[in-house]
Structures are given as C-alpha cells and as structure tokens.
Amino acid sequence: MSSESLNRTIFFPFSAIYGMNDAKKALMCALVNPQIKSVLIRGPSGVAKTTVVRAITECIPDKKLINVPLNATEEQIFGGINIEKTLKNGVIEEEVGLLLRSNENIAYIDDINLFDSSILISILNMLHANKLIVEREGISSSHDFNGLLIGTMNPADSDLSSHILDRFDICICINEEDGIAAKEEILRRNLEFDNDPVKFRHKYHDEETTILDTIEKAKKLLPYVTISDDLISIIVELCINIGSEGHRGDISTLNTALTLAALNGREEVSRKDVEEAAMLCLSHRRDYTPNPPPQRNADNEDDPDTNEQSEENSQDDLPNQKNNNEKQQDDNDTPEKNDTNQSNNDIQKMDDLMFQIGNQFKLINYLGNNRLRIVKTKSRKGRRDVVESGDKTGRYARYRVPKDFPRDIAFDATIKAAAPFQKCRDKGDLCITIKDSDLREKVRERRCGCTLLFLVDASGSLGVRKRMIAVKGAILSMLKESYVKRDRIGMMAFRRDSAELILQPTKSVEYSYKMLEDLPTGGKTPLSAALMKANEYMTKYSRSHPGEHCYIVVLTDGRANVPLKDGFNANDEAQTIAGNISIPGVKWIVVDTCAGYPRFDNAEKLAEKLSATYFRLEELNAENLSQNIRMIVN
C-alpha cells in the first residue's frame, strides 16, 4: 500500500496531538459516561478540531464515527420512506436514517453552527430522551436510541443560539497554540506523520493503549464514584452565580465531575474535579444580564448633573482638580450652577480632545439569537443570519406543500408523496404518475448580514474619565466582528447640543476605523436629540431594506443634561422619548459605559424604556468568564 493511501486511511494518533487538553478531557468524559450525550468544540479554523474528534474514535475499537453532512435532509437523518420498495410494493416502507445508524456509536457534525437549527434541536432532544421517534410521510415508528453527538464549529463564521448551546452537556473553546516552540513541535509531528504514518502511530502505540485502558477502567469505576454534599452545594452556587437557567448546567457539571474523578482513578470527587467540570460545562451557559446597580443616596437620585459632577471630581485625572473645600461647596450648589461650573471648568477643557483606541477583545454574542428567521428577503451576502430565500437561490433546506403552483419544485419530495399511490393509478407507459396533490416546493435558505448603527456618547463625561479609550476599544471589537459577518456598519455621535451621522452604513472596516479614531470627545450630553435622530434615520432605513435585521447599539452612561425643550428635565425627557420609540424590524442594544462607584442606573432605565438588551461595557468581553469561575470556586 502506498504512503498516499495510508494517509487517507490512518488517522493522526490522539495522544500525538499537541496541547488541546480541554478538548481531550471533554471527549474522554463523553466516552466514559453515557449520561454525557453531547459535546461541542468551538475554535478558529485550522486548530485540529476535526482531527482530535477522529483521533479519539481510533482509540475506541467498539465505536464508529458516523458523519452527518450539512446538507442532509430530515428523512436522511431520522429515516423516511424507502422509495424503491414503496414504488415496487405499493406499501409504505421505512428507510433507516443516519441517526439510527449511530445508535451505540458517535454522530459527528462538522460546522454544526451551519446546520439546520430545527433539525439540530430534534437530534439533541432524542439523544437526551434515549428514543428515536419517526413520524413522517405515513411512517410512525419508535426505536431505543443511545448515542453521542459531537459537534465542531468556528464561531467567527456564526454562532449557535443560547437555547441550542444550553442543550450541549459540554462545550469547550480551543485556540491556536501560542509560542514558537509549540508551533515548531506541531510542524515536526505533522511532518513525521506525513512521511510514515504507520511508524508514527507505532511510536505513540503505548500512549494510545494507556488512554484506552484509562477509559475502560473509568467506565468500571464510575458507578462507585461519590460526591460530598459540600461539593454539590458548590456546583449549585456556581450555576446560580454564572446565571445558568434551568437544571441542565447543574446536572452536566455533576456528571462531568464524577467522570473526571473516575478518569483520575478516584472514588470520590475532589474540589479540583468540580472546578474543571465547571469550565467544561458552564462557559456556554453564562447569563450576561447584569446585577442591579448599588443603591444611591436618595437625596441625589433626581439630580443627574450633581451626581455627574461629584463622580467626575473624584477622579485623579481631572484637569485642574479643585481642593476639598471647593468640591464641598460645589455639592451644595443648585443643578443650574453645577451645570455652569462643569461647562466652564471641566467640559470645556475636554472639548475636542482625541482619545486613542483602547484594547480590543473577544466579544460575547451580544446580538442574541439570530440563527434562523422565517422571513423572506432578497438581501445579498452576509454571515450573520440564516434566512429564508425570497427567490430560487440558496441551499435547499426542506420542502413544503405549496399554496398555489410551486415555482421551485422539490422533485425528491414530490416523488415520495406520489410513491404509495402508484399501484392504484393509471400509469400507462410511464414509470410513475404525479398528480397536483403530490407536488411539493423547495424551501431555500441563505445567509445574510445585518445593519448596525452605533450611537456613541462622545460627551465630556466619558472624556474626563478617559473612559472613551475603553469605549473605542469595545466599538472596534464590534466593528471587526461585524466585518467578518459581512454586516453594514453606521456610526452616529452625540455631544454638545446635537447628534451627527458621521458614517453612513458601510461594509468598509478601514473607513469605520478611521472615523472612530478621529472621533472627538467633549461637551454636554444631548441624549434626547440623539434618540430622535437615530429613530428618524433607522425608520427610513428599515423601510428601504425590508427583511433585513437592523440594530441600534447605544453606548452611553445614560445621564442626559441637554433637553430638547427649555425648562424640561433632560433625563426625564430622554426616558419619555425612549418609551415612545418603536421602529419595526429594529432592535436596540444599550451598552452602559458608566465606570466607578456608585453606579447609576440611567442607562439601565433607558434600556428598559427602549425594550433593549442591556450590557455593561465590561460584560462584552467573553474572556472574563474563566476568571469569574475560578474566583467563585476558590
């Protein structure tokens, strides 16, 4: 056998894969514990996600890996009508699907984030129910089913909804190995494998045997592993603090902790097992809804200008900071005097200052669940959403009974619908006769982008704290993600006494970066004017782009001090305007840029009035999760 053919049949050894400890640990847990039904591995392209999945199955001789392709239809996955036998016998006969073939084996879906979400939910439901039920095309059957689903995906392309992510028992994120030494070792191992796969596998034979023995011993030990009440309490506390809804997180963490103890050859779960299990089972279940802000002094609650003045004056970097006696005198001033003092002293000195762009970071899924929208659109290109195509372009996802004559006939579904009736129909010289009632049409899907308008507070309150540096870093992180998703990005800034559209929606990340870099900071906060202008602009935009998802991302501390009408309280006016805004097809997201303590709930109240999703600026950073878990456990 040639070396080329060997490369096609021999997989890279599991133990020879460099790093990826979390992925290896997750897969071994799933093979030991039958209560772990699903594992998701997320990471960028080219980090060996598929390699590690295929390699682990080589260690287990009694398990097969059943590939489920992305374009597989429901009947191919769950089973359906056997056309050949049905046409021949005139009686509906069932065809075994891919899922039933994976019974007692492993079903594998690569790029699972591109898979049909409704089918994926059905697969996950049947895995946890241990039952495969087929109800379609005159077939009604039920089968005992015990399998394992492993999925891999690149979240940079698109992400799964939080609802689907929660159904995965284990979800881990892997990244490219850092460091020159690690990359060199990976290259050496790959070169050695390519030159002689048989010799390379033999080199790691002992380690592969050790892994297999560890898994087999852990299977036998697992029923005897116990966990203390104290550690169960820690698991519950972890899930509560993370914000995991329901009981899936608790159960998955418990099962994984028991399995990790068994893999380590122990009959009792340790604290370290719980910590490792939490990292494997809770990272994708975190709820990013913030805790209520701390209570403020009731005397200052209705005076946003006084609060803003006192908060800004407490910072070390405030230019020409007053002495303590002067600050005390300012606190006793009226709102009008405070506003005047602030304008004459701090804000004017911050006027038109240019702040550098802060650190960028990996974002959470701040736009929420946009995996599938049942809406017809002719919008072209994008990676953010999966939408139903309004024409004949896109992937054939499923079929349906047409309301009138179908424009795009689904021939496979049409023939299946006609097959059981062929014995009683006059076919003449034809092989099959099709009537109007048999016709089915294709439902096509394609990916499209969306439009995001960033409504940025560029007032002096962000400049005094140098908070604008962090805000710009967050915006650039969102801009880069939107570029990958092929979204359109617009930007509107508000300061002094008006709001200005500084960037029409565009797909050019370079132009967006330039506008962000040159964005000046200073002046008052005309929040009411900004909301009115954003409402007017996006109302027209959404009407001219039917079927496209649009978002307005407001980055502000929510503390307005410029009313549209003289004599009105600026904060109350902004809240009233927000409560009256309703733009069809447009969703609002409020990012609270307030920093320090005490925290004010102006932005949170604004989000409530807009029916918007609310985040604090720091919560957009997905990398904070692992630190939070370790703090809770320790």
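Let's start with a pair of helices: α2 and α13 sit roughly perpendicular to each other. Keep in mind as you look around that this is a predicted model. The angle between α2 (residues 21-32) and α13 (residues 248-263) is about 95 degrees, and since anything from 65 to 115 degrees counts as roughly perpendicular, the pair earns that label. Their axes are 10 Å apart. If you want to find the contact, look on α2 for Lys25, Met28, Cys29 and Val32, and on α13 for Thr256, Thr259, Leu260 and Leu263. Sorted by character, the residues of this contact come out as five nonpolar, two polar and one charged.

Now zoom out for a moment. The protein has 634 residues, and buried ones make up 52% of them. Along the chain you'll count 25 helices and 21 strands. How much of the contact map comes from residues 24 or more positions apart? Taking the contacts with a separation of 6 or more, such pairs account for 78%.

Next, have a look at helix α9, residues 180-195. With 16 residues at 1.5 Å a residue, α9 should span 22 Å, and its end C-alpha atoms are 23 Å apart, so the two figures agree. Which of its residues are buried? They are Ala182, Arg189 and Phe193. These three cover an arc of only 35 degrees around the axis, so they lie on the same side of α9. Turn to the other side of the helix and you meet exposed residues instead: Ile180, Ala181, Leu187, Leu191 and Asn195.

Loops deserve a visit too. Thr433 sits in the one between α18 (411-418) and β14 (441-448). Is Thr433 buried or exposed? Its relative accessible area is 15%, and the cut-off for buried is under 20%, so Thr433 counts as buried. Leaving aside residues up to four places away in sequence, Thr433 touches Ala418, Gln422, Arg425, Asp426, Lys427 and Asp438.

Finally, two residues with backbone angles worth checking. Ala48 has a phi near 75 degrees, a positive value in a residue that isn't glycine. You'll find Ala48 in the loop between β1 (38-42) and α3 (49-59), where it is partly exposed at a relative accessible area of 27%. Arg496 is no glycine either, yet its phi is positive, about 60 degrees. Arg496 belongs to the loop between β16 (488-495) and β17 (498-506). With a relative accessible area of 37%, Arg496 is partly exposed.

How values were computed
Residues numbered from 1 in each chain as written. Predicted model: local features only at pLDDT ≥ 70, side-chain atom pairs only at ≥ 80, totals over all residues. Heavy atoms only, no water. Axes fitted to C-alpha atoms, helices over the stretch in contact; angles between N-to-C directions. Helix = DSSP H or I, 4+ residues; strand = E, 2+ residues; numbered from the N terminus. Parallel < 35°, antiparallel > 145°, perpendicular 65-115°, else oblique. Contact = heavy atoms within 4.5 Å. Nonpolar A, V, L, I, M, F, W, Y, C, P; charged D, E, K, R; others polar. Expected span 1.5 Å × (residues − 1). Buried < 20%, exposed > 50% of the residue type's maximum accessible area, 1.4 Å probe, protein only. Arc of directions from axis to C-beta.
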